[in-house]
Amino acid sequence: VPKEKVKDLELIYRKRYIDLLTNESTMELFKLRSDFIRELRSFYHKNSFYEIDTPVLCNTASGALAKPFKTHHNSLDIDVFLRIAPELYLKECILGGFEKVFEIARVFRNEGSDPSHLQDFTMIEHYCAYWDFKENISFTEKMLTEIIFKLIKTYKITALNKEGESVEINLE
């Protein structure tokens, strides 16, 4: 039975399961994201990085210039913030003796939202104790081009710009 594509954006964004059931392209994006994260972890591990889980609830809001979400920890009777970045905790791991660390982290920023800017999202951060910025850039470029080529078999991708227009990006 052919699926009828849902076009109501409000329905698509609020009831993702309907979008997944009716829009094959949405399902393919979910699968691509999952495959990307699997390959990302594999790439980091092949390059001797350790994956670190850092706290989501923090005593202070830090790591970026964003307004945090605030909540209350009942058993400790203290106010805490949802993290806006894992940066400080990862850097503490470097100070503690790890040479290469990364995290695929859910982060939360209490700011305006639209379909291209959500208040909670996944962020990837990595740190290496002895790299300068040139080595970091080279590693990141290699990581992204290798993973993207492995998943979609091309270095050219199409993305929407701020005006909502499709633009081609060549990752070579």
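**Nonpolar surface, cores and strand pairing**

With a relative accessibility of 34%, L32 counts as partly exposed, because this value falls between the 20% limit for buried residues and the 50% limit for exposed ones. The model examined here is a predicted one, and L32 is placed within helix α3. Together with L29, F30 and I152, L32 makes a nonpolar surface patch of about 350 Å². To this patch α3 gives the most, contributing three residues.

The interior was considered next. In soluble globular proteins, nonpolar side chains tend to be buried together. The largest nonpolar core of the model consists of ten residues, namely I37, L40, F43, Y44, F49, F102, I104, F139, M143 and I147. Two or more residues of this core are given by each of the elements α3 (24–46), β5 (100–108) and α5 (133–152), and it is α3 that gives the most, with four residues. Helix α3 is thus the element that gives the most to the nonpolar surface patch and also the one that gives the most to the largest core.

Within this core, the surroundings of F49 can be described in detail. When its neighbours within four places in sequence are left aside, F49 is in contact with the core residues Y44, F102 and F139, and its contacts also include K100, V101, H126, Y127 and W131. Of these contact partners, V101 and Y127 belong to another core, which lies apart from the largest one and comprises five residues, L90 and C93 also being among them.

Two arrangements of paired strands were also examined. Strands of a sheet pair through backbone hydrogen bonds, either parallel or antiparallel. In the model, an open sheet of three strands has the order β2-β4-β3, and its pairing is antiparallel. Strands β2 (57–58) and β3 (70–73) form the edges of this sheet, each of them pairing on one side only. Between β3 and β4, the latter spanning residues 78–82, the antiparallel pairing extends over four bridges, and H72 stands opposite D79 in β4.

A further antiparallel pair is made by strand β7 (residues 156–160) and strand β8 (residues 166–170), which are joined by five bridges. In this pair, T158 stands opposite E168 in β8. The two strands β7 and β8 form a hairpin in which five residues lie between them, and in the turn G164 has a positive phi of about 85°.

Terms used:
Residues are numbered from 1 along each chain as its sequence is written. This is a predicted model: local features need pLDDT of at least 70, side-chain atom pairs count only at pLDDT 80 or more; totals for chains, interfaces and linings use all residues. Side-chain values use heavy atoms; hydrogens and water are left out. A nonpolar core is a set of buried Ala, Val, Leu, Ile, Met, Phe, Trp, Tyr and Cys residues joined through side-chain atoms within 4.5 Å. Buried means under 20% relative accessible area, exposed over 50%, partly exposed in between (1.4 Å probe, protein chains only). Contact means heavy atoms within 4.5 Å. Two strands pair if DSSP finds at least two bridges between them. Patches are made of residues with over 30% relative accessible area and no salt bridge: like charges are joined within 9 Å, nonpolar side chains (Val, Leu, Ile, Met, Phe, Trp, Tyr) within 5 Å. Accessible areas come from the Shrake-Rupley method with a 1.4 Å probe; for residues, only the protein chains shown count as cover. A salt bridge is a side-chain nitrogen of Lys or Arg within 4 Å of a carboxyl oxygen of Asp or Glu.
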